[in-house]
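Student: Could you take me through one helix up close, and then use it as a way into the rest of the assembly? I'd like the reasoning as well as the numbers.

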There are 4 protein chains.
Amino acid sequence: MIRVGVLGYGYWGPNLVRNFHAQEQSEVVLVCDKSRQAGDRLRKAYPAIPFTTDENEILTSTKIDVVCVITPVASHHSLAKRALENGKHVFVEKPFTCNSAQAEELIELADRRNLKIMVDHTFLFTGAVRKIRQLVDEGALGRLFYYDALRVNLGLFQHDVSVIWDLAPHDLSIMDYIIREKPEGVVAAAEKHLNEVPDIAFLSIYFPDRVIAHINVNWLSPVKVRTTLIGGEKKMLVWNDLEPNEKVKVYDKGVSLSDGQGLHKLLVSYRSGDMWSPQVEQVEALTEETAYFLQCILENRTPFNDGLNGLRIVRILEAADKSIRNRGEAVAF
Amino acid sequence: MIRVGVLGYGYWGPNLVRNFHAQEQSEVVLVCDKSRQAGDRLRKAYPAIPFTTDENEILTSTKIDVVCVITPVASHHSLAKRALENGKHVFVEKPFTCNSAQAEELIELADRRNLKIMVDHTFLFTGAVRKIRQLVDEGALGRLFYYDALRVNLGLFQHDVSVIWDLAPHDLSIMDYIIREKPEGVVAAAEKHLNEVPDIAFLSIYFPDRVIAHINVNWLSPVKVRTTLIGGEKKMLVWNDLEPNEKVKVYDKGVSLSDGQGLHKLLVSYRSGDMWSPQVEQVEALTEETAYFLQCILENRTPFNDGLNGLRIVRILEAADKSIRNRGEAVAF
Amino acid sequence: MIRVGVLGYGYWGPNLVRNFHAQEQSEVVLVCDKSRQAGDRLRKAYPAIPFTTDENEILTSTKIDVVCVITPVASHHSLAKRALENGKHVFVEKPFTCNSAQAEELIELADRRNLKIMVDHTFLFTGAVRKIRQLVDEGALGRLFYYDALRVNLGLFQHDVSVIWDLAPHDLSIMDYIIREKPEGVVAAAEKHLNEVPDIAFLSIYFPDRVIAHINVNWLSPVKVRTTLIGGEKKMLVWNDLEPNEKVKVYDKGVSLSDGQGLHKLLVSYRSGDMWSPQVEQVEALTEETAYFLQCILENRTPFNDGLNGLRIVRILEAADKSIRNRGEAVAF
Amino acid sequence: MIRVGVLGYGYWGPNLVRNFHAQEQSEVVLVCDKSRQAGDRLRKAYPAIPFTTDENEILTSTKIDVVCVITPVASHHSLAKRALENGKHVFVEKPFTCNSAQAEELIELADRRNLKIMVDHTFLFTGAVRKIRQLVDEGALGRLFYYDALRVNLGLFQHDVSVIWDLAPHDLSIMDYIIREKPEGVVAAAEKHLNEVPDIAFLSIYFPDRVIAHINVNWLSPVKVRTTLIGGEKKMLVWNDLEPNEKVKVYDKGVSLSDGQGLHKLLVSYRSGDMWSPQVEQVEALTEETAYFLQCILENRTPFNDGLNGLRIVRILEAADKSIRNRGEAVAF
């Protein structure tokens with residue numbers, strides 16, 4: 001039985017407690033939060049799970065195998081570091097760390113001690129993203145052209161991080177999972193209106209072979225949108241995560257160009273066929289993810305969403321921030 | 001009776017012929033196109049309107065007051081210039097010219113001869129855009145935060161211009177009409193996949209007072225989207241041009257921040273009230289626009305969508321191209 | 001060359017003129033309408049087609065092969081009868097006649113003289129309805145369970161007929177085309193609010209083998225809806241005619257029941273698979289229909305949407321009226 | 001503290017337990033279900049609440065003030081009767097009883113003993129239905145014309161009741177709440193395909209003053225729809241319960257007729273103005289309802305959704321069944 005301690009019982013922490021509590025191969029042995037109200041909420045939901053306001057009880061306990069770091073980003077590095085130093089596997093909420101140096105240090109530390117890091121890019125465990133990855137890997141879309149994500153709604157405002165560090169990690173981790181290439185450069189723009197951090201931002205990411213990605217995140221939208229377009233040479237795909245049933249639609253549409261006769265005579269032919277919406281598994285992503293983490297620990301395997309995965313996302317976030325500071329300078333890798 | 005000659009009878013030209021033909025204060029006296037098939041189409045629809053393949057017949061005619069330049073962008077400058085030199089008012093399809101030097105020359109020329117230039121930013125004459133402008137001008141939205149436009153679909157591929165010069169002028173002219181400020185800088189990214197010009201592009205435009213605009217144009221999208229979000233301090237607005245009836249929706253939603261107690265304790269309060277969809281005039285925009293052009297000529301008034309308006313849009317297009325060439329360099333004005 | 005005369009140049013007549021004018025095997029030789037303004041409209045659009053306000057000029061002309069009866073329903077029978085008596089084929093707008101006796105008389109008359117009647121159930125020639133028929137005929141849906149159509153919007157109010165005789169013929173003719181069975185009975189309800197004819201009505205039609213159809217028509221709806229659900233044992237289908245692209249969606253969904261152990265223990269198993277939206281031909285239905293009519297005449301074939309087809313629909317309309325008068329009495333056939 | 005016993009811990013029972021558990025003025029003292037697995041689920045969620053499989057422990061307990069009857073319809077009457085005979089208030093899931101005689105007996109019994117009956121027509125406590133009732137009561141819609149509800153989806157199949165008794169009580173109770181008139185007659189049609197009870201049904205309900213209601217319920221629809229149209233003389237309303245935010249939309253649309261000159265010359269004028277979507281309270285309906293029930297008990301007030309309310313709905317269900325058996329006979333009241 002893998003014994004789990006959870007640091008942070010705010011918005012997301014309860015989902016970790018619920019899942020590690022329900023998994024057959026793990027138990028939640030201690031939960032920590034600075035807020036006593038969090039303790040009240042825990043007690044009401046799980047009377048049997050002990051609560052503390054002292055993080056050290058988790059970090060130094062000899063009866064804990066896994067530490068979940070579900071706290072504000074600023075504390076990820078120090079908490080994860082101490083957990084690793086105390087021989088514990090860590091499950092860290094996204095974004096992994098505040099910068100790439102912190103991420104590299106944690107990766108190196110885990111490596112040295114043969115401990116697992118999993119960065120909680122939850123979307124990678126949804127039925128929709130798995131199905132999209134499968135379609136791309138099978139070649140159903142053909143050569144990729146672009147990845148264009150829109151993730152906007154009203155709030156939830158964060159005090160400590162910008163809309164980029166808050167929302168974009170979702171799309172960047174999915175993009176990384178689908179495109180599977182190292183980006184060449186990032187061009188970004190953003191603006192802040194209410195607070196000292198951007199609340200609206202636009203990221204363009206260049207990849208080799210003319211693949212381009214774009215991410216539009218916004219905390220000030222009157223409507224909630226979660227839509228991603230993926231264009232390929234053979235087919236194109238729309239993923240609308242707010243659709244209850246038909247989340248992924250694959251369009252047999254495309255354009256091809258061929259030489260016509262004479263100067264400037266390109267012949268354009270459009271193809272427009274059926275649309276197909278594959279059924280997508282309706283599982284809770286976090287259930288899949290926590291089960292996979294336990295399995296990785298038991299089988300001593302490296303999760304695909306490990307520290308390196310978290311680091312790749314942090315690097316793009318850093319590059320976006322730099323590009324914005326310099327009003328659009330392309331930040332190369 | 002204002003006598004109109006139309007250069008170009010391809011995709012858009014027939015709409016100009018139909019409208020200037022139907023207006024009470026104008027008549028279409030000659031239509032020119034290089035293609036004889038265009039002549040056949042004209043004859044079928046308007047047996048009484050003469051046709052020529054020789055543009056000089058229009059440009060030098062003494063019986064023509066207005067020349068419509070509805071030809072590929074590359075020819076706008078030379079055709080409009082000759083029309084102005086021959087004392088004719090000109091109505092030019094968007095984008096106005098290939099670069100700002102050309103636009104400036106035409107403006108100066110029209111000015112010297114007291115001739116009118118109208119650049120066909122048709123959307124400015126739609127009921128939806130007029131209503132949005134009215135709402136913004138009345139202060140219904142409060143201080144503007146952002147303008148975010150999405151205009152994507154499959155094709156229509158142009159041989160001579162990129163998706164930026166083809167689709168973005170619509171959104172840039174509307175943005176210019178709504179925001180009414182001079183932009184401070186442009187940051188853009190784009191990629192080409194099938195042809196030698198970009199088919200997908202992302203433009204971010206910085207304005208004074210933290211207003212930011214963003215335009216996403218794409219010729220390779222499997223679905224057609226025409227949606228613009230406009231965020232203000234008091235209200236927010238969604239314009240979906242594909243909705244048959246409820247094109248404009250105004251949301252009584254917003255966020256305000258106030259100081260809480262202690263460090264880093266900003267209190268966020270969300271406001272979420274009614275939504276309201278004002279009825280929008282269902283007129284054909286081009287009918288309004290051509291009537292307005294005739295009125296400007298008859299009353300010797302300068303249209304608001306004049307050469308300077310066209311020039312402002314061309315400058316942003318130039319800046320976007322430059323930013324893309326330099327992989328994101330912010331191009332300041 | 002088949003010579004066509006058109007009676008009625010109001011809302012729908014111009015579409016007949018345009019189509020028979022454009023078909024290679026026909027020409028429109030005379031158009032009649034009581035209204036002189038109709039003549040002005042015709043002259044503007046087709047200067048070469050002669051116009052009359054005297055229907056006899058069409059009905060008795062020896063230079064006309066086909067008479068289109070595009071007039072109010074009340075006049076269909078007498079005009080079509082005279083046309084047939086004068087040896088002309090007739091193309092009659094839906095609904096065919098005011099009652100089944102009139103329809104039977106016309107059918108008998110055409111039969112005796114070997115003339116063709118086509119009843120203009122235009123929807124049968126749309127890409128969507130053809131695709132649905134094909135899917136049903138191929139057995140893709142399995143045994144049919146139900147056909148449920150919703151056709152509501154604001155107006156267009158008719159003075160002479162109810163919403164049932166105005167809108168329901170569309171759905172009844174499609175239902176007839178898809179289900180291909182003789183109905184067993186009709187149960188209907190309706191109400192009138194502004195005029196002396198119903199403006200909202202609900203028709204249920206029983207077919208053999210537990211197939212049931214339902215049609216909801218309403219002139220007083222604030223929103224326009226054109227949606228039909230078709231349920232089958234193997235698959236289910238949604239046809240939304242207002243969707244610009246994905247009009248037909250086929251769902252791999254279903255329920256099956258099997259006996260469980262013990263009393264009242266039916267095991268229900270739900271099946272929920274992919275959704276598939278076949279591409280649908282984007283042709284103008286009336287172009288297909290008029291071409292088919294000309295072909296039937298030239299090849300001396302009976303069209304499938306002949307007088308008998310029109311009669312079947314009129315019988316259901318009559319039955320619905322009777323059921324409503326008797327507050328729901330099932331009218332059997 | 002009002003002491004609550006809950007009979008039935010299947011699909012809906014847990015929601016009652018959760019709500020009466022959370023209300024400050026009540027406590028759940030005992031839960032009963034025939035199934036031992038139900039007991040396991042209860043124990044996991046509420047370790048402190050005792051469980052029994054013997055309904056008599058609840059029905060005869062002297063420590064219980066309120067009995068919730070959340071069991072199959074067939075048992076509602078006998079369980080509620082015994083609870084009332086033992087001096088307990090009863091909260092009964094919809095539909096109230098299997099027939100009106102049963103309902104009348106319970107009402108009479110509760111009346112005699114001054115006990116409260118609440119029938120769980122939960123939708124009457126949603127923000128959307130309250131808002132619609134308020135709009136109708138304020139006269140915002142003007143005189144009512146029709147109420148047209150569509151409630152279709154795949155399953156959940158019931159073994160004991162038809163789709164009419166399962167789904168229609170929702171719409172009938174809302175209709176009753178909005179229209180506030182006694183119906184004059186019911187005309188219904190239905191069909192069964194998999195089981196011995198109808199799985200698709202259409203109910204038309206005539207009210208005085210030309211108000212008509214229509215309810216379309218279907219267990220075999222591939223898509224889930226929850227849409228109600230309400231037409232009035234002044235305005236019209238669409239309630240889409242699946243919309244996360246804009247559930248209620250009020251349209252300033254209408255038709256008026258006036259006499260024109262001469263025979264059959266009614267002038268139709270259409271009005272089409274703004275649309276307005278009022279914000280709707282986002283409360284859990286059952287929380288409101290249970291609080292209201294407790295308040296009614298404490299203040300000895302009769303709830304508006306009492307036994308008589310339940311009886312009115314049962315009478316319409318009975319009439320629908322009779323109409324279907326007789327293939328459409330209008331069943332008068």
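Tutor: Sure, let's start with helix H5 of chain C, residues 100–113, bearing in mind that this is a predicted model. A quick sanity check on its geometry: at 1.5 Å a residue, its 14 residues should span 20 Å, and the end C-alpha atoms are indeed 20 Å apart, so the two agree.

Now look at which way H5(C) faces. Its buried residues are C:Ala103, C:Leu106 and C:Ala110. Viewed down the helix axis, those buried residues fall within an arc of 65 degrees, so they line one face of the helix. Turn to the other side of H5(C) and you find C:Glu108 and C:Arg112, which are exposed. As for what sits over the buried residues, the cover includes helix H4 (76–85), strand S6 (117–120) and helix H9 (307–325) of chain C. Just past the end of H5(C), C:Asn114 takes a positive phi of about 55 degrees. That deserves a second glance, because most residues other than glycine have a negative phi.

Chain D lets you read another helix in the same manner. In H6(D), residues 127–137, the buried set is D:Ala128, D:Val129, D:Ile132 and D:Val136. Here the arc is 95 degrees, so these buried residues also line one face of their helix. D:Gln134 and D:Asp137 are exposed on the other side of H6(D). After H6(D) comes D:Gly139, with a positive phi near 85 degrees.

While you're in chain D, there are two positive phi values in loops to check. D:Asp209 has a phi near 60 degrees, and it isn't a glycine. You'll find D:Asp209 in the loop between strand S9 (200–206) and strand S10 (212–218) of chain D. It counts as exposed because it has 10 C-beta neighbours inside 10 Å, and the cut-off for that label is 12 or fewer. D:Asn300 is the other one, with phi near 50 degrees, again in a residue other than glycine. It belongs to the loop between helix H8 (285–298) and helix H9 (307–325) of chain D. With 8 C-beta neighbours inside 10 Å, D:Asn300 counts as exposed too.

Hop back to chain C for one more loop residue. C:Arg180 sits between helix H7 (163–179) and strand S8 (185–191). Its 12 C-beta neighbours inside 10 Å make it exposed. In sequence, C:Arg180 and C:Phe207 are 27 residues apart, while their C-alpha atoms are 9.8 Å apart in space.

Next, the peptide bonds leading into a proline. In chain B, the bond from B:Lys94 to B:Pro95 is cis, with omega near -10 degrees. B:Pro95 lies in the loop between strand S5 (89–93) and helix H5 (100–113) of chain B, so to speak on the doorstep of that chain's own H5. In chain D, D:Lys94 and D:Pro95 are likewise joined by a cis bond, omega about -10 degrees, and D:Pro95 is in the loop between S5 (89–93) and H5 (100–113) of chain D.

Chain B also has a helix to inspect, H1 (13–22). Its buried residues are B:Gly13, B:Leu16, B:Val17, B:Asn19 and B:Phe20. Among the elements covering them are strand S1 (2–7), strand S2 (26–32), strand S4 (66–69) and helix H8 (285–298) of chain B.

Now zoom out to chain A. It divides into domain 1 (2–115) and domain 2 (124–283 + 315–332), with C-alpha centres 31 Å apart. Seven residues of domain 1 and eight of domain 2 make the contact between them. On the domain 1 side, those residues are four nonpolar, two polar and one charged.

Finally, the contact between chains A and B takes 42 residues from each chain. On the chain A side, the elements giving two or more residues are strands, among them S7 (144–154), S8 (185–191), S11 (220–232) and S14 (266–277). S11(A) gives the most, with six residues. By class, that side has 23 nonpolar, 13 polar and six charged residues. As for symmetry, a rotation of 180 degrees with 0.0 Å of shift along the axis superposes chain A on chain B, RMSD 0.0 Å. That is the relation of a two-fold axis. The same surface serves both copies, since 100% of the contact residues of chain A recur in chain B.

Methods: Residues are numbered from 1 along each chain as its sequence is written. Chains are lettered from A and ligands numbered from 1 in the order in which they are written. This is a predicted model: local features need pLDDT of at least 70, side-chain atom pairs count only at pLDDT 80 or more; totals for chains, interfaces and linings use all residues. Domain bounds come from an automatic or database domain assignment. Two residues are in contact if their C-beta atoms, placed from the backbone, lie within 7 Å. Ala, Val, Leu, Ile, Met, Phe, Trp, Tyr, Cys and Pro count as nonpolar, Asp, Glu, Lys and Arg as charged, and the others, Gly among them, as polar. Helices (H or I, at least four residues) and strands (E, at least two) are DSSP runs, numbered from the N terminus. Copies are superposed by least squares on the C-alpha atoms of residues with pLDDT of at least 70 in both. The expected span of a helix is 1.5 Å times one less than its number of residues. A residue is buried if 20 or more other C-beta atoms lie within 10 Å of its own, exposed if 12 or fewer, and partly exposed in between; C-beta atoms are placed from the backbone. The arc is that of the directions from the helix axis to the C-beta atoms.
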